[in-house]
Amino acid sequence: MNKEKDNAYGLVYDGALEKNEEGKVNIHQVNYSLHGLKIAANVYTPAGYEETKKYPAIVVAHPNGGVKEQVAGLFAQRLAELGYITMAFDAAYQGQSEGMPRNTDRPQNRVEDIHGALDYIVRCPGVDRTRVGALGICGGGGYTLRAAQTDKRIKAVATLSAFNTGIVRKNGFLDTQINTIPERLEEAYKARELELSGTEVRYTPNMLDTLTPAQAEELPFDLYREGYEYYGDLCKHTGSSFSYTVSSNIDLFAFDARIGMEMINQPLLMMAGKLADTLYMTEGCYEKATGTKNKELFLIDKAHHIQTYYVPEYVDQEVNKLKEFFGANL
């Protein structure tokens, strides 16, 4: 079964909308401009939505390598079922959004994507701009934390399995590449020069293309073993890719989601799997969030990182926690 082709909107998560029906949660495929690029997004409206009424709203930022049709769409839909207007969008240079070279993955772009999503949603009919929240998942979580530091239109900020992308790109996962930083920076600047000359765009390897399932099973980290299954099978999507431009590392190596966390004065909820090998990233950001007293670290028992995206019992726990958090703070 090809979930993407079998769904009218290309959605690949379980329980995805297949058609719009009056009186139920509906999905609206939209585009808007961000610094000259056309951004693709899905807006979800709650059951019984009327433009003349006022609703709280939430923007959802997808994981690294992900697209709006996967876990970001799942949570956007589930939150719309709770009465929110929600939006899942593709980062610029990724998915169905414009931008060249493809799969450029610079932190400043990803943060600006979130500001741009807020620009769009606060102008949507029915949105109460005084009650807007943000949810970031995986890499989208780290970037949402950075966006919330300055964008006070975000009245409440939540993350799921937050991933500190810059630290991992620079040091390697759990510091496994910390001794090769200078060499990899040299490669990044060589790639930059090739891009500027129009000669070549260099990309990092995509494990979905380079590994067999058997090889993926031998990977040392749950994140990558289960990521291979999720992105390569369970929620496979043509717009999704683990590969990004090598030149992106120039900016990624300088990014740390922990920096500036004290500027978040909004209510903060950070959720993660208790057994996730990425938990240290959520904990590192949470510890630095000294600017708000209204904060909570919510751990999902027995869950790994990728499992928080789709395992029904974990998703239900997370949605219930988001219902409580956004209900109290929006």
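**From the sheet outward**

In β5, the residue that forms the bridge partner of A57 is V132. This pairing belongs to a predicted model, and it is part of a parallel contact in which six bridges join strand β3, residues 55-61, to strand β5, residues 127-137. Pairing of this kind rests on backbone hydrogen bonds, with strands running either parallel or antiparallel.

The two strands sit within an open sheet of eight strands, whose pairing is mixed and whose order reads β1-β2-β4-β3-β5-β6-β7-β8. At the edges lie β1 (26-34) and β8 (295-300), each of which pairs on one side only. On average, and with direction ignored, neighbouring strands of the sheet are turned by 20° against each other. Across this sheet runs helix α4, residues 139-150, which lies over β3, β5, β6 (156-160) and β7 (268-273) and makes an angle of about 140° with β5.

A second helix to follow is α12, residues 312-329, because it holds L322, a residue that is buried with a relative accessible area of 0%. Which residues does L322 touch, if those up to four places away in sequence are not counted? The contacts are F75, L79, L135, A158, L269, M271 and G327. For one of these partners, L135, the separation along the chain is 187 residues, while the C-alpha atoms of L322 and L135 are separated by 9.2 Å.

The cysteines can be taken next. A search of the whole structure finds zero disulfides, and C138 accordingly is in none, the nearest cysteine sulfur being that of C285, 12 Å away. C138 is buried, with a relative accessible area of 6%. Why does C235 not form a bond with the closest cysteine sulfur? The sulfur of C235 is 14 Å from that closest partner, which belongs to C138, and this is too far for a bond, given that a disulfide requires the two sulfur atoms to be within 2.5 Å. C235 is likewise buried, with a relative accessible area of 4%.

Turning to empty space inside the protein, a search of the whole structure finds one cavity of 30 Å³ or more, and the volume of the largest cavity is about 30 Å³. Its lining is made by A61, H62, F89, A91, R110, D113 and I114, and helix α3, residues 107-121, gives the most to that lining, with three residues. The loop between β4 (85-89) and α3 contains P101, which is joined to M100 by a cis peptide bond with omega of about -5°.

The largest pocket has a volume of about 930 Å³. It is lined by 41 residues, of which R169, P205, Y224, F242 and Y244 are the closest to its centre. Helices α5 (165-171), α6 (181-197) and α9 (222-234) each supply at least two residues of this lining, and α9 gives the most, with four residues.

Between α5 and α6 there is a loop in which L174 is found, and D175 has its place in the loop between those helices too. What is notable about the backbone here is that L174 has a positive phi of about 55° although it is not a glycine, and that D175, also not a glycine, has a positive phi of about 65°. Are these residues buried, partly exposed or exposed? L174 is partly exposed, with a relative accessible area of 42%, and D175 counts as partly exposed at 43% relative accessibility.

Methods. Residues are numbered from 1 along each chain as its sequence is written. This is a predicted model: local features need pLDDT of at least 70, side-chain atom pairs count only at pLDDT 80 or more; totals for chains, interfaces and linings use all residues. Side-chain values use heavy atoms; hydrogens and water are left out. Buried means under 20% relative accessible area, exposed over 50%, partly exposed in between (1.4 Å probe, protein chains only). Two strands pair if DSSP finds at least two bridges between them. Axes are lines fitted to C-alpha atoms, for helices over the stretch in contact, and angles run from 0 to 180 degrees between N-to-C directions. Contact means heavy atoms within 4.5 Å. On a 1 Å grid over the protein atoms alone, a cavity is a set of points where a 1.4 Å probe fits but cannot get out, and a pocket is an open set with protein on both sides within 12 Å along at least five of seven lines; lining residues have an atom within 4 Å of a point. Grid points are joined across faces, edges and corners, and a volume is the space filled by probe spheres set on the points.
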